[in-house]
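Let's take a walk through this structure together, one stop at a time. Keep the picture open as you read, and look for each place as we get to it.

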Protein chains: 2
Amino acid sequence: MARPAKVEDSVLHTKLSDVFREVGYEGATLAMLSAATGLKKASLYHRFPGGKEQMASEVMAGAETWLIEHILTPLGSKATPAARIATMIRNLDTFYCGGKKACLLNMLSSPSADRGPFANMIKNAFEVWIGALSRALVDAEFDRDTAHFRAERAIALLQGSLVVARGMATTTPFQNCLASLEHELLAPPPSLPSAVATHV
Amino acid sequence: MARPAKVEDSVLHTKLSDVFREVGYEGATLAMLSAATGLKKASLYHRFPGGKEQMASEVMAGAETWLIEHILTPLGSKATPAARIATMIRNLDTFYCGGKKACLLNMLSSPSADRGPFANMIKNAFEVWIGALSRALVDAEFDRDTAHFRAERAIALLQGSLVVARGMATTTPFQNCLASLEHELLAPPPSLPSAVATHV
DNA sequence: GTCTATAGTAAGATAGAC
DNA sequence: GTCTATCTTACTATAGAC
């Protein structure tokens with residue numbers, strides 16, 4: 001081992017992402033990121049001249065790519081709405097490790113007083129996600145308001161189940177959430193009245 | 001103004017709480033806490049010898065007290081289940097400022113690698129909250145599994161709507177959540193089958 | 001009880017050898 | 001591309017006057 005081999009970009013991003021998802025942006029230190037990746041601080045700066053902010057930014061960009069490939073694309077496919085949603089749910093289960101890993105959209109929120117460098121990326125991610133899910137529900141013959149209301153609720157429920165799972169140190173809230181999600185999204189309208197003061 | 005007057009404990013706790021709810025534990029610096037309270041750093045150490053950790057700990061304790069007074073007590077009262085839940089929802093709306101302020105249970109999670117000094121308080125808060133809501137639903141003639149499933153879901157939905165609201169910089173997800181919460185909790189069973197793989 | 005002033009420490013970031 | 005060593009800053013924490 002005269003000369004240390006280059007660490008692959010993909011594994012690097014994954015390792016960094018794991019740290020940010022676990023402790024958030026402010027909680028992540030270069031020492032942690034160094035330990036997690038196996039690269040010394042100076043090496044991280046060679047790869048990310050912008051330092052921690054650039055690392056988090058690229059991790060967020062990676063998450064956006066993942067969202068497009070594993071959520072938005074399936075949701076916009078030509079399969080039945082139920083099948084599209086089922087694919088989304090399967091991919092979410094993998095991505096969040098059954099509820100053991102948190103969501104960057106929550107963990108990277110409001111790092112600094114100006115809502116942070118990732119505020120726009122986070123806002124955009126929520127918007128396109130809700131939008132894509134909403135369109136899948138429109139394809140399932142729901143009216144636009146109901147579809148949007150349910151889509152937003154589903155994303156909130158998902159995020160919240162991860163929060164509760166983390167807080168209670170158990171994955172069951174997340175698993176229960178995923179298990180009921182498809183049925184709930186596609187349940188007949190009267191049961192879940194979207195008409196209840198939907199401020200869209 | 002020869003001698004600065006003592007800052008009241010209650011307002012002190014509120015100001016500190018606001019900072020932690022906005023930027024989390026790691027994100028909060030003594031400079032921020034000093035600016036928010038109007039007390040210099042040394043004064044904060046006089047009040048909280050344990051430093052930032054003690055401040056956050058007392059803030060969490062205050063949140064527990066609030067939870068007991070404004071959530072657990074109403075949920076355990078002798079009013080109708082619908083009335084109890086309505087009271088909870090009203091108090092939540094006030095506490096979270098209509099969705100503008102985040103939840104400590106989320107913002108104080110996992111500050112350090114060992115899940116942090118507040119992990120137990122957070123876990124307990126979720127448990128008693130879900131438990132109390134669940135019992136109110138049992139009083140509304142739901143079976144225990146359904147009650148627990150819906151209670152856990154409601155808390156998750158609430159937490160998630162705050163996450164989404166923060167991420168999207170709008171309060172509507174939270175408002176929609178609160179607006180539909182009572183109806184959803186008390187809706188007749190067939191619409192929200194609790195039988196879907198409830199791992200309690 | 002609050003303050004100014006100052007340690008002490010850990011974090012982010014850089015320089016230059018290999 | 002990675003490393004050791006160092007710099008600089010910002011944060012936590014303390015000492016002692018008022």
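A salt bridge here is a side-chain nitrogen of Lys or Arg within 4 Å of a carboxyl oxygen of Asp or Glu. Side chains of opposite charge can pair when their charged atoms come close. Keep in mind that what you have on screen is a predicted model. With that rule in hand, start at Glu127(B), which forms a salt bridge with Lys123(B), with the closest N and O atoms 3.0 Å apart. Why do these two sit about one helical turn from each other? Because they are four residues apart in helix H7 (residues 119–139) of chain B. Glu127(B) counts as partly exposed at 35% relative accessibility, and Lys123(B) is partly exposed too, with 29%.

Now hop over to chain A and look up the residues with those numbers. The side chains of Glu127(A) and Lys123(A) meet in a salt bridge, at 3.1 Å from N to O. They are four residues apart in helix H7 (residues 119–139) of chain A, so about one helical turn separates them. Glu127(A) has a relative accessible area of 35%, which makes it partly exposed, and Lys123(A), at 28%, is partly exposed as well.

How are the two chains related? Two copies of a chain are related by a rotation about an axis and a shift along it. Here, a turn of 180° and a shift of 0.0 Å along the axis lay chain A on chain B with an RMSD of 0.0 Å. The two copies are therefore related as by a two-fold rotation axis. If you want to find that axis by eye, look for Gly160(A): of the residues of chain A, its C-alpha comes closest to the axis, at 1.8 Å. As for how the copies meet, 100% of the interface residues of chain A are also interface residues in chain B, so they meet through the same surface.

Some salt bridges link one chain to the other. Glu184(B) forms one with Arg153(A), and here the closest N and O atoms are 2.7 Å apart. This pair crosses between chains, running from helix H9 (residues 172–186) of chain B, where Glu184(B) sits, to helix H8 (residues 144–168) of chain A, home of Arg153(A). Are these two residues buried or exposed? Glu184(B) counts as buried at 7% relative accessibility, and Arg153(A) is buried as well, at 8%. The pair is also part of something wider: Arg153(A), Glu184(A), Arg153(B) and Glu184(B) are linked in a network of salt bridges. Over all chains, the count comes to 12 salt bridges.

Next, on to the DNA. Around strand C you'll find 19 residues, and the closest are Leu30(A), Tyr45(A), Val7(B), Lys40(B) and Ser43(B). Of the atoms of strand C that come within 4 Å of the protein, sugar and phosphate account for 65%. Phosphate oxygens of strand C lie 2.8 Å from a side-chain N or O atom of Tyr45(A), 3.3 Å from one of Lys52(A), and 3.4 Å from a polar backbone atom of Ala28(A). The elements giving two or more residues to this surface are helix H3 (41–47) and helix H4 (51–75) of chain A, along with helix H3 (41–47) of chain B. H3(B) provides the largest share, four residues. By type, the residues near strand C divide into nine nonpolar, five polar and five charged.

What about DNA strand D? It has 19 residues around it, of which Val7(A), Lys40(A), Ser43(A), Leu30(B) and Tyr45(B) come nearest. Sugar or phosphate makes up 69% of the strand D atoms within 4 Å of the protein, and the rest belong to bases. A phosphate oxygen of strand D lies 2.6 Å from a backbone N or O atom of Leu30(B), and one is 2.6 Å from a side-chain N or O atom of Tyr45(B). On chain A, a polar side-chain atom of Ser43(A) is 3.1 Å from a phosphate oxygen of strand D. H3(A) gives the most to the surface near strand D, with four residues.

One last stop is Thr37(B), in helix H2 (residues 30–37) of chain B. Thr37(B) counts as buried, at 9% relative accessibility. Its side chain reaches the backbone nitrogen of Leu39(B) at 3.2 Å. Leaving out residues up to four places away in sequence, Thr37(B) touches Leu12(B), Lys15(B), Leu16(B) and Leu44(B).

Conventions:
Residues numbered from 1 in each chain as written. Chains lettered and ligands numbered in written order. Predicted model: local features only at pLDDT ≥ 70, side-chain atom pairs only at ≥ 80, totals over all residues. Heavy atoms only, no water. Near = heavy atom within 4 Å. Polar contact = N/O pair within 3.5 Å; in protein donor to acceptor, adjacent residues only side chain to side chain. Nonpolar A, V, L, I, M, F, W, Y, C, P; charged D, E, K, R; others polar. Least-squares fit on C-alpha atoms with pLDDT ≥ 70 in both. Contact = heavy atoms within 4.5 Å. Buried < 20%, exposed > 50% of the residue type's maximum accessible area, 1.4 Å probe, protein only.
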